[in-house]
Amino acid sequence: MQRDCFVAIDFETAMAHHICAVGIVAVEDGQVVDEYYSLVQPPDNAYSWFTVKVHGIRPEDTINAPTFYQVYPEIKKRLYGKLVVAHNESFDRRVLQQSMRDNMMDYSDLNIADKWECTMRACRASKRYPSGKLNECCALEGIALKHHEALSDARGCAELYLRLNVPLI
């Protein structure tokens with residue numbers, strides 16, 4: 001059965017589980033129907049040098065950005081009751097759960113699965129994608145990607161999920 005109604009999500013983090021950007025892509029009947037992106041000010045606007053090197057988001061980019069608590073209503077609106085997909089679902093799910101816990105929010109209020117669909121796991125299982133890394137999987141599929149940009153990564157994940165779930169006839 002093809003799953004063509006879902007939400008793909010990607011977080012970029014400043015350090016540990018502290019979010020500095022979120023990208024969400026909603027798909028219905030195999031078509032993108034909504035996209036959401038926001039920078040997020042992490043606690044104390046603190047970053048590790050390594051994460052800045054990975055995604056290029058810096059403290060000056062998020063000094064006036066909303067906090068997780070402020071963007072959460074938009075996240076909840078898009079995730080509530082949906083099938084959620086992420087490229088490294090255990091990472092993104094943990095980031096969301098811990099950010100919610102930090103803000104005294106209950107993950108169960110989202111009415112989503114405790115474990116999400118994972119395109120990385122599916123790519124690795126297929127043996128077609130050597131590393132399972134998002135940028136390499138997207139390149140093999142001809143999917144445009146600006147890697148480590150949250151909305152682009154969510155788009156790439158959504159497209160991969162659609163392609164990985166098409167029945168092979």
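Student: In this predicted model, which residues touch the most other members of the largest nonpolar core?

Tutor: The largest nonpolar core of the predicted model holds 24 residues. The elements that give two or more residues to this core are β1, β2, α3 (68-79), β4 (84-86) and α4 (89-102). Within the core, the residues that touch the most other members are Ile9, Phe68, Ile75, Leu79 and Leu96.

Student: Which element gives the most to this core, and with how many residues?

Tutor: Strands and helices both appear among the elements that give two or more residues, including β1, β2, α3 and α4. In soluble globular proteins, nonpolar side chains tend to be buried together. Here the element that gives the most to the core, with five residues, is α3.

Student: Which residues does Ile75 touch, if those up to four places away in sequence are not counted?

Tutor: Ile75 is one of the core residues that touch the most other members. Once residues up to four places away in sequence are set aside, the partners that Ile75 touches are Phe11, Val22, Ile24, Phe68 and Leu96.

Student: How many residues make up the other core, which lies apart from this one?

Tutor: Ala8, Val25, Tyr161 and Leu162 are among the members of the other core. This core lies apart from the one with 24 residues, and its own number of residues is eleven.

Student: Why is β2 described as largely enclosed by the rest of the structure?

Tutor: A residue counts as buried when its relative accessible area is under 20%. Strand β2 covers residues 18-28, and because so many of its residues are buried, β2 is largely enclosed by the rest of the structure, the count being nine of the eleven.

Student: Over how many bridges do β1 and β2 pair?

Tutor: Strand β1, which covers residues 6-15, pairs with β2 in the antiparallel sense, and one of the bridges joins Glu12 to Ala21 in β2. The two strands form a hairpin with two residues between them, and Ala16 in the turn has a positive phi of about 50 degrees. The number of bridges over which β1 and β2 pair is nine.

Student: What is the bridge partner of Val27 in β3?

Tutor: Strand β2 also pairs with β3 (residues 31-39) in the antiparallel sense, over eight bridges, and in one of them Gly23 has Tyr37 as its partner. The hairpin of β2 and β3 has two residues between the strands, and Asp29 takes a positive phi near 50 degrees. For Val27, the bridge partner in β3 is Val32.

Student: How many disulfides does the rule count?

Tutor: The sulfur atoms of a disulfide must lie within 2.5 Å of each other. The closest cysteine sulfur to that of Cys137 belongs to Cys123 and is 3.3 Å away, so it is too far for a bond. Cys138 is in no disulfide either, since its nearest cysteine sulfur, that of Cys137, is 6.9 Å away. The count of disulfides is zero.

Student: Is Gly56 buried, partly exposed or exposed?

Tutor: Gly56 lies in the loop between α1 (49-55) and α2 (59-62). Its relative accessibility is 40%, so Gly56 counts as partly exposed.

Terms used. Residues numbered from 1 in each chain as written. Predicted model: local features only at pLDDT ≥ 70, side-chain atom pairs only at ≥ 80, totals over all residues. Heavy atoms only, no water. Pairing = 2+ DSSP bridges. Helix = DSSP H or I, 4+ residues; strand = E, 2+ residues; numbered from the N terminus. Buried < 20%, exposed > 50% of the residue type's maximum accessible area, 1.4 Å probe, protein only. Core = buried A, V, L, I, M, F, W, Y, C linked by side-chain atoms within 4.5 Å. Contact = heavy atoms within 4.5 Å.
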